[in-house]
Amino acid sequence: MSELVTKNVVKKTVLNIGFDDTDSPKGMCTTFLAYKVVDLLKKQKTEFLDFPRLIRFNPNIPWKTRGNGAVSIKIKTNNTSKIKNQIKNLVSKYSDTKNGANPGLVFFESDSIPNEFTKFSDLALWQLINRNNAKKFAKKHNLEYFYKGNGQGLVGAIGAIGYHFHDHTLELLSYRKKQKFGKERKLLTKSVKEMQEKTYPDTFNSFDTKKGRVLITPHGPDPVFFGVRGENVDALVSASKILKSEEKLDGYMIFKSNQGTGDHLKNELTFETMKPYASGKLTGVVSNSPKVAKGGHVFFKILSNDNEFWCAVYKPTGMSVVASNLIKGDKISVGGGVRKASKNFPRIINLEFIQIISLEKQIMPSNPICKNCNKKMKSKGKGQGFECIRCGKKSSRKTNEIIPRKLNKQLYLPKVSAHRHLTRPQQRQGIQNKSTNFKNSLSWFCVYQN
């Protein structure tokens, strides 16, 4: 009788890995750590279940470095303990703790993400979350976590795992070789302009045509050489091939992201939620005449749900002309970040967009027009009425003249060069991207052989 031999099938575990705050203003980058993690896991033939996720959280957090981005990676593995140890070592190696980085790392073993994670992530998009709350969350849900410094990175690490996409973009980030870190980036401007022309509208915010300014290269000492944002993998890979530089790069990785979605401004601000550093939007009526301050910045108030809120529009955004032309009674929707109170102002919203819903009629008193001559009458002196100098016809009072408005019922955004990572650009208005198929996207990661 033959013996039936069965092989033990090792069940694979779905592992979610989240990390944040590994960089400082002086160096390193959380996405570069992700690049190193993926490189290591790919060499071990790990199964990836989605693109690495780059989630930008509330951009108004005062201690953020650059774009306040956290990363999560979802894999399937039969050796979780080995991988966890390897990633802990990489977090320690590629975190700039000596210059103030406070890295946080979280592991969560599950194919589905509980609602509590998503709620935590949603709050991190527009509020300031205390790191102690993140530690309490991790303990409550029995998460395996690791941190250095004060543990601020745990907020983004948990949030990146919990984030739920309603819309997304992709970003191809190219990385420099170690010997080039901190040195000047030399990317041919002409090639960036050409790339934008050839890949629009599948890429966005790459080049400011009005200023002739490249928007895809960072300015700090971090390992990123350039980052191209867009809607699909093919467009990003094509774009990267058009760009010209003499520098030999290490490789690239494509992230799935909430950049360009306006995610942080979905929450409706109220008197209760308008706390320092919060982000959000509100709708109301302009309640005073805008004031233009020194430097060309514009300040005005908006009445919403029986509360008045101060709004600020700074000249570099390019929206100060729009703000200065508002008048009392205009109905608008605005979005931005809350600045804490100062000596001159209470809490104020620094605007990132102005949506004009309806415009009040602008009426100005004017000398009456002579019906016979169709010319404006002249004043005869204070309290003496008006008279036509041609035919002598008289009138006792001024008339109201409607002045054409210089604004339209539309959405006004900052200049492209003043956009934040999360700003939804004009070309993405009304777009929801849900179509990217990860399994067919073979070119999302590449280490160059040079």
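**Exercise 1.** In this predicted model, determine whether Phe51 and Phe438 are buried or exposed, and then classify the geometry of their ring pair.

*Solution.* Begin with the surroundings: Phe51 is buried, and Phe438 is buried as well. Next, take the geometry, in which the ring centres of Phe51 and Phe438 are 4.9 Å apart and the planes meet at 70°. Because planes over 60 degrees apart count as edge-to-face, the pair of Phe51 and Phe438 is edge-to-face. Finally, place the two residues: Phe51 is in the loop between β2 (47-48) and β3 (53-56), while Phe438 is in the loop between β24 (411-412) and β25 (445-447), so the pair ties together parts 387 residues apart in sequence.

**Exercise 2.** Classify the ring pair of Phe32 and Phe181, and state how accessible Phe32 and Phe181 are.

*Solution.* The structure holds 18 aromatic pairs. In the pair of Phe32 and Phe181, the ring centres lie 5.6 Å apart with the planes at 85°, so this pair is edge-to-face. Phe32 belongs to helix α1 (residues 30-43) and Phe181 to the loop between β7 (169-176) and α6 (189-199), so that the pair links distant parts of the chain, 149 residues apart. Since buried means under 20% relative accessible area, Phe32, at 4%, counts as buried, whereas Phe181, at 24%, counts as partly exposed.

**Exercise 3.** Describe where Pro62 lies and which residues beyond its sequence neighbours it contacts.

*Solution.* Pro62 lies in the loop between β3 and β4 (69-77) and is partly exposed, at 45% relative accessible area. Leaving aside neighbours within four places in sequence, Pro62 is in contact with Leu128 and Tyr277. The C-alpha atoms of Pro62 and Leu128 are separated by 9.3 Å, although these residues are 66 residues apart along the chain.

Technical notes:
Residues are numbered from 1 along each chain as its sequence is written. This is a predicted model: local features need pLDDT of at least 70, side-chain atom pairs count only at pLDDT 80 or more; totals for chains, interfaces and linings use all residues. Side-chain values use heavy atoms; hydrogens and water are left out. Rings of Phe, Tyr and Trp (its six-membered ring) pair if their centres lie within 6.5 Å; planes under 30 degrees apart count as stacked, over 60 as edge-to-face and the rest as tilted. Helices (H or I, at least four residues) and strands (E, at least two) are DSSP runs, numbered from the N terminus. Buried means under 20% relative accessible area, exposed over 50%, partly exposed in between (1.4 Å probe, protein chains only). Contact means heavy atoms within 4.5 Å.
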